[in-house]
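The following report describes a protein model in running text. Please keep the sequence and the structure in view while reading.

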Amino acid sequence: MMKKVTIDPITRLEGHGKIEIFLNDEGNVENAYLQIPELRGFEKFCEGRPVEEMPRIVPRICGV
Amino acid sequence: MAKLKLALYWAGACGGCDVAVLDIHEKILDVAALADIVFWPIALDFKYHHVEAMQDKSIDVCLFNGMVRSSEQEHIAKLLRAKSKTMVSFGSCACFGGIPALANFTTRGEIMQRAYIEAPSNENPGKTLPQTRTKVAEGELELPELYESVFTLAQVVDVEYFVPGCPPTADLILKVVDALATNKLPPVGAVIAADKTLCDECPRKKNEKSISKIVRSHQIIPESERCLLEQGMICCGPATRGGCGALCIKVNMPCRGCFGPTAGVLDQGAKLVSSIASIYQANNDDEVARMVEEIVDPAGTFYRFGAADSILRTKQLQKH
């Protein structure tokens, strides 16, 4: 089992993220994974809504 | 007086509420004089383990924005609740579900299918979906569980105050800061905004209170002085709490209800349906049918920000 370093949450950016870093026996980075632990579903819930309302819905994808 | 300890967090959110705090401009210096910020992911590098190490009730005030839709968001909401003396539901997502709660009219499965498999920008031949646990060569990765529905903050933890708005305006945020600075906090459960509806503070002239046709915003250029609803545009003002300063109205756009319902109203959307129906001139079944036809997206209009907090709540009310 490799040693794992978890950075959670990643900060000072817009959005949510977590980084998992796996270290090998020498203590060097073997691999690292960026994970996005969030989904709101704009891709789905915008479907079927009036097109003229989109400018008031999709800005909430990112408000930064 | 010792400085207050302040935490700010975003759950299922866009970051606009965090930026709104910065929109108080130089008054942010008053906040800095008043409080030490102990957690604020958008701006400062504190981790979850720092919060976990804090003593219970050691944070004076937590401004929590965003809705709750995952096991992580629920966990952090409960963690911050335990660590905070005062929990503030900050912004429309935390208060009512907000725009992300439009997802309550669909299901987790449909969202996953669209976002990860069907969306034209995807390259996912293996049809891989996010898993709560994934084995990789080096070990195991974990993701939070995505719940079936969007929840408001108050549906998962006790909340002392509510600050509505998408996002809350600078004036309201300053009201909160003032209340904290002078230790003159309102009664628990208070909504920091106006008590009356947006119609009550709307500067437009209202005359007829009757409409015979509903129009969409691209179909007319509305007169700038006259009530938008009287001009046939659906405006959520009659069923929405005031206190925003009529920002949308002032730029000729009808209200979409981001301040939520007024006190005593159980369901903002139902109240709005009642308001529209009472002024629409429909005297027979055909005219009623025409009205229904003219409202192109009732759920997305009447519950634009409030689906999670409504009687409807969701298509399938369950976490798992």
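## The sheet of chain A

In chain A, strands β1(A) and β2(A) run antiparallel and are joined by five bridges. Helices and strands are named here as DSSP runs numbered from the N terminus, with helices being H or I runs of at least four residues and strands being E runs of at least two. Two strands are said to pair if DSSP finds at least two bridges between them. One of the bridges places K3(A) opposite its partner L23(A) in β2(A).

The model is predicted, and therefore local features are described only at pLDDT of at least 70 and side-chain atom pairs only at pLDDT 80 or more, whereas totals for chains, interfaces and linings use all residues. Residues are numbered from 1 along each chain as its sequence is written, while chains are lettered from A and ligands numbered from 1 in the order in which they are written.

The strands β1-β2-β3 of chain A, in that order, form an open sheet of three strands with antiparallel pairing. Because β1 and β3 (29–35) of chain A each have a single partner strand, they stand at the edges, and one side of each is left without a neighbour in the sheet. From one strand to the next, the twist averages 15°; such angles run from 0 to 180 degrees between N-to-C directions, with axes being lines fitted to C-alpha atoms, for helices over the stretch in contact. As a general point, strands of a sheet pair through backbone hydrogen bonds, either parallel or antiparallel.

## The sheet and domains of chain B

Chain B has an open sheet of five strands in the order β2-β1-β3-β5-β9, and the pairing is parallel. The edges are taken by β2 (35–39) and β9 of chain B; each has a single partner strand, so one side of each lacks a neighbour in the sheet. Here the twist averages 30° from one strand to the next. Within this sheet, β1(B) and β3(B) pair in the parallel sense over five bridges, and the bridge partner of W10(B) in β3(B) is N65(B).

The domain assignment, whose bounds come from an automatic or database source, divides chain B into domain 1 (4–99 + 148–181), domain 2 (107–147) and domain 3 (198–302). The centres of domain 2 and domain 3 of chain B, taken over C-alpha atoms, are separated by 40 Å.

## Helix α4 of chain B

How far apart are the end C-alpha atoms of helix α4 (residues 71–83) of chain B? They are 18 Å apart, which agrees with the 18 Å that its 13 residues should span at 1.5 Å a residue. The expected span is 1.5 Å times one less than the number of residues.

The buried residues of α4(B) are E72(B), Q73(B), E74(B), I76(B), A77(B), L80(B) and K83(B). A residue is buried if 20 or more other C-beta atoms lie within 10 Å of its own, exposed if 12 or fewer, and partly exposed in between, with C-beta atoms placed from the backbone. These buried residues pack against β1 (4–10), α3 (48–53), β3 (59–65), β4 (68–70) and β5 (84–90) of chain B.

## Residues in loops

Two peptide bonds are cis: one joins D8(A) and P9(A), with omega about -5°, and another joins C166(B) and P167(B), with omega about -5°. P9(A) is found in the loop between β1 (3–7) and β2 (18–23) of chain A, and P167(B) in the loop between β9 (161–163) and α7 (170–181) of chain B.

The table lists two residues other than glycine that have a positive phi.

| Residue | Phi | Loop in chain B | C-beta neighbours inside 10 Å |
|---|---|---|---|
| K127(B) | near 50° | between α6 and β6 (133–136) | 9, exposed |
| A246(B) | near 50° | between α8 (198–201) and α9 (247–250) | 17, partly exposed |

F46(B) lies in the loop between β2 and α3 of chain B. This residue, F46(B), counts as partly exposed because it has 17 C-beta neighbours inside 10 Å. Leaving aside residues up to four places away in sequence, F46(B) touches V38(B), F39(B) and V51(B).

## Where the chains meet

In the model, 39 residues of chain B are in contact with 33 residues of chain A; contact requires C-beta atoms, placed from the backbone, to lie within 7 Å. On the side of chain B that touches chain A, α1 (16–22), α6 (108–118) and β7 (139–142) of chain B each supply at least two residues. The largest share, four residues, comes from α6(B).

By class, this side of chain B has 21 nonpolar, nine polar and nine charged residues. Ala, Val, Leu, Ile, Met, Phe, Trp, Tyr, Cys and Pro count as nonpolar, Asp, Glu, Lys and Arg as charged, and the others, Gly among them, as polar.

How values were computed. Two residues are in contact if their C-beta atoms, placed from the backbone, lie within 7 Å.
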